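Trainee: I should like to understand how terms for contacts and exposure are applied. May we work through some examples?

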Amino acid sequence: MIHLPVSKASERIFKIDPDTAPTHDIREELFQLEKEGELEVIRVPEPYMEVKTKFGRIKKIPLEKTWHHKSCGQCGHIPGYSTSIFWLNRQFGLDYYDPTDQTSCTAWNYYASATSNPEAQAAVAIRNFAAAHEVGYFPLIHCGTSFGHYKEVRHALVHQPELRRKVRDIMKRLGKKLVVPEEVVHYSEWVYAMRDRIAERQVIDMSNITATVHPACHYHKLIEEDAIYSEEIYGAQRTAIITGVLEKLGINVADYSTWFDCCGFGFRHILVSRDFSRSFSVQRKIEVMIEEANPDVTVTHDTGCVTTLDQSQVAGQAHNKKVGLPVMSDSQMAALAMGAHPYKVLQLHWHNTNNKPFMEKLGIDVKKKWAEFEVECDQLKSGKKEFMSWEDAEN
Amino acid sequence: MVLDLSINKYSDVTYEEKERLFEEAKADDRWEHILYGCYECGICVAACPSARFYDFSPRLIAQAVAREDVDLVYTLMNDSIWDCSQCFSCDRCPRQNSPGQIITVLREVAVRNGLQTAKQALEGYGRIIYKIMSTGSQVSPDMLQPDAFPDWGKHVYEIAENLDIWRRALPPETLHTTETSWKVDDKTIIELYLIWHMTGVMDLIEGIDEGLFMILVDVMEERLEEAGYDVTFD
Ligand code: SF4
Ligand code: SF4
């Protein structure tokens, strides 16, 4: 009889084997193409942080001079998400740019309906990159799908000369250059890179909080080698994104068995086949999290994930499912920890699931905070002010 | 719904036509990077969200295209691919296939060729295509209306009622909009329309929804003309 050594997964130590780990670095090909005059590479500006990716490649994360490639779903439906990202930049006095010369990546539509093609998708991406480059800033991508899709676009442009030629011609007709950033950087990577500085400025104790994490599929499944991993987080077997930040804030991050599952967004499903999104989100994510980890909040880092996990709980409640778990982004959690206003900055009234018990557990006077927000709204209604300013939000 | 895989399902379509569509998929530049054969291990199915709720299998799709089963590929192109969530969890494939991207390519072929089932899959989706093509933004604040999201509960009523004030109560200056998710420059929209024009995307829309195509052409041609471009989409 053969006795094979048996060990529990939790006891195993996983180490990257340099002999078998893929070492391919797309930047080498980008710089080569630049030398050949095929494209121009936008360099990551100083100062930047260096972080480890899945197979050990070091990725540069710019800290400032960032051009904020906003997300249509975030800005449109959960705008406190992006507001919190900007608020964090302002708190640290970092130079950032919030452009109006920006379209969405249009990839939500592409994955939903296929009513586009690779040339159009690449041209939309490069038009946005060129707009960033023209004003001297580096693109920081807010949406997980834009991030994943732009990595796919970069990959295609590097490996398909004909696509490069077509996109270069289109850009020429728009009076633009074919420019590709040295790194495609997601905002949550910036939050991760800033986590020590965020923790230094933390004013709300979060050590009594348990959170679950949902990583966005298009962050760590598309071009997986470009996502952040760390030996300290899940033994580098899962992406360190979000978890690394929450742990720095003193939050207990609890595991659950469907961590790898998607949120149920489905691109076309969330818009025209929502029965799937609702069922998947409630039955495979929210219920499992509550059953196995009983968290106070679940934290994610993408547009569709926040929306689907949050909004689907309404139907779950109607069916007496175990739901009622607040959903927030890592940017909102980081801002909250640093004392941001839950309504003026985090804009939590755009979220659906009741988040008041969670805030009360943090010692936040929810009634008072809402009253402060209502004062602002009253001033807008009476015409005393046209808009709420950053100064109003920061007070 | 149970997937009907019998060969009779699409016996009214000639083998040559089915083959033509399959060849179009295989001619895609991505094809050789997303299909390497299939072990039939089922890892993709284990990771797949759509497989849990539909009679749907990325393994079946990978197998059909790897075996070049023209009839089966045609059936799947009609009755299965639109169930995919495009999450790419199946990129875990040990054979380095990407069933999700195989599906992306098959969907593009279905749309390009105006398959009836593609039109059905996109029914009700036209207003979204209009939004993305005409504004460059997939969704907007003013889409948060109770009739559009009845299953999101009374919260949507609250947002719809307070939309204007709540948008103005956002500190970033770019977010005070309701028809688009942020303020977009005119020149940016013009450049986007020129991209749609140069890449032939509007031909796809015409094949899927002629009414929508005509509305979009009106909007785009007018704005392009105002900006000094003599461009037609016909
Ligand atoms: S991309 Fe489609 S086939 Fe692949 S795992 Fe996701 S839903 Fe399944
Ligand atoms: S994971 Fe890959 S090899 Fe395994 S069944 Fe799916 S497509 Fe085939």
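Trainee: What makes the contact between the side chains of B:Glu23 and B:Lys26 a salt bridge?

Mentor: A salt bridge requires a side-chain nitrogen of Lys or Arg within 4 Å of a carboxyl oxygen of Asp or Glu. For B:Glu23 and B:Lys26 the N to O distance is 3.2 Å, so the pair qualifies. This is a predicted model, in which local features need pLDDT of at least 70 and side-chain atom pairs count only at pLDDT 80 or more, while totals for chains, interfaces and linings use all residues. Residues are numbered from 1 along each chain as its sequence is written, chains are lettered from A and ligands numbered from 1 in the order in which they are written, and side-chain values use heavy atoms, without hydrogens and water.

Trainee: Why is B:Glu23 called partly exposed?

Mentor: Buried means under 20% relative accessible area, exposed over 50%, and partly exposed in between (1.4 Å probe, protein chains only). B:Glu23 has 38%, so the middle term applies. B:Lys26, with 24%, is partly exposed as well.

Trainee: Which term describes A:Lys59, and why?

Mentor: The relative accessible area of A:Lys59 is 0%, which is under 20%, and therefore A:Lys59 is buried. A:Glu189 is buried too, with a value of 0%.

Trainee: How do you know that A:Lys59 forms a salt bridge with A:Glu189?

Mentor: Their closest N and O atoms are 2.9 Å apart, within the 4 Å limit, so the definition is met.
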